Amino acid sequence: MDGHKIITQIAKNHLTDITTKAIAELTGGADLIDIALWPDRIRYVPGYKESAQWHYVNIADDESLDKIEHLPGGDILTAIRRFHGQLTESGGAKIKKIDALRFFIHFAQDLHQPLHVGLQADRGGNDVAVQWFNATKTKNLHWVWDTGIIATKKLTTDQYVQLLDQVSPQKIQEWNHSDFLDWAEESRALRQQVYNFSPEIQYRTVVIGQLYVDRNSAHLEKRLVMAGIRLAGRLNKIFDPGHLGLQF
Ligand SMILES: [Zn+2]
């Protein structure tokens, strides 16, 4: 179970018919889930290794997101802007557009996961060792936010989507009035919440169980549903610009 699947399914529910058709035409009818997961599958493949650092941005608590110095090879902010740009420009090679779509969909999702706008010191939570419930293998904080908290619900993707995808048209409108920097800033704003486990630390391993899950589930779920709604909003704007209600 993975956040990407839930977000993609929510987005799918909010695509217009014209957008759905245009994406199917571009990708030869590929499953949107496969399109969304592709950048994680190829990030260590020769020829795509430079893409590994596009999945996140490191930023300190007091740094300003719009003024940071981006890594020479790029980060999630430069990448999402670039691929969004490639999708909106007319013409261009089809293969380039397909890659742009894959990366754009994936990074729109990653950008909503708080630890993809993380701290360099612990590599977005990857270096924070976690004792997860009674698991025998040590996990890490990044995994907790990618997978762990979602898995505690013991729901299928469809069940989870049904539970979350109940957003009012006003909220949809409100959430769509945002840019990529807003998405990143909101993710960073959850940092205190994400790292709120000091009383539970033992032997340099963070102990995470039900208390942490209860405190954070609603935050994580809101990020999932926001990501899905916004992704659909952007894709509709690109592929079905005449669609009413999505004027920014
Ligand atoms: Zn990713």
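Two strands are said to pair if DSSP finds at least two bridges between them. In this predicted model, strand S3 (residues 129-132) and strand S6 meet that condition, running in the parallel sense over three bridges. Across this pairing, Trp-132 stands opposite Ile-208 in S6.

Strand S6 is a good place to start looking around. In a regular strand the side chains alternate between the two faces of the sheet. In S6 (residues 205-208), Val-206 and Ile-208 make up the covered face, while Thr-205 and Val-207 make up the uncovered one.

**The whole chain**

Stepping back, the protein chain contains 11 helices and six strands. Its radius of gyration is 18 Å, close to the 18 Å that the globule rule gives for 248 residues, so the chain is as compact as a globular protein of that length. Along the principal axes, the C-alpha atoms fill a box of roughly 55 × 40 × 30 Å. Of the 248 residues, 37% are buried. Among contacts between residues at least 6 apart in sequence, 69% join residues at least 24 apart.

**The core**

In soluble globular proteins, nonpolar side chains tend to be buried together. Here the largest nonpolar core has 57 residues, and Ile-76, Ile-80, Phe-104 and Phe-107 are those with the most contacts inside it. Helix H11 (residues 210-239) gives this core its largest share, 11 residues. For a closer look, try Ile-80: leaving aside residues up to four places away in sequence, Ile-80 touches Phe-104, Phe-107, Ala-108, Leu-111 and Phe-180.

**Two helices with a buried face**

An α-helix has 3.6 residues a turn, so residues three or four places apart point the same way. Helices H7 and H9 can be set side by side:

| Helix | Buried residues | Arc of buried residues |
|---|---|---|
| H7 (residues 157-164) | Tyr-160, Val-161, Leu-164 | 100° |
| H9 (residues 180-189) | Trp-183, Ala-184, Ser-187, Arg-188 | 135° |

Seen down the axis of H7, the buried residues fall within an arc of 100°, so they line one face of the helix. That buried side of H7 packs against helix H1 (3-13) and H11. On the face turned away from it, H7 carries the exposed residues Asp-158 and Gln-159.

What covers the buried residues of H9? The list includes strand S1 (57-58), helix H4 (76-88), strand S2 (117-118) and helix H10 (191-194). The buried residues of H9 fall within an arc of 135° seen down its axis, so they too line one face of their helix.

Note on methods: Residues numbered from 1 in each chain as written. Predicted model: local features only at pLDDT ≥ 70, side-chain atom pairs only at ≥ 80, totals over all residues. Core = buried A, V, L, I, M, F, W, Y, C linked by C-beta atoms within 7 Å. Buried ≥ 20, exposed ≤ 12 C-beta atoms within 10 Å, placed from the backbone. Helix = DSSP H or I, 4+ residues; strand = E, 2+ residues; numbered from the N terminus. Contact = placed C-beta atoms within 7 Å. Arc of directions from axis to C-beta. Rg over C-alpha atoms; globule rule 2.2 N^0.38 Å.
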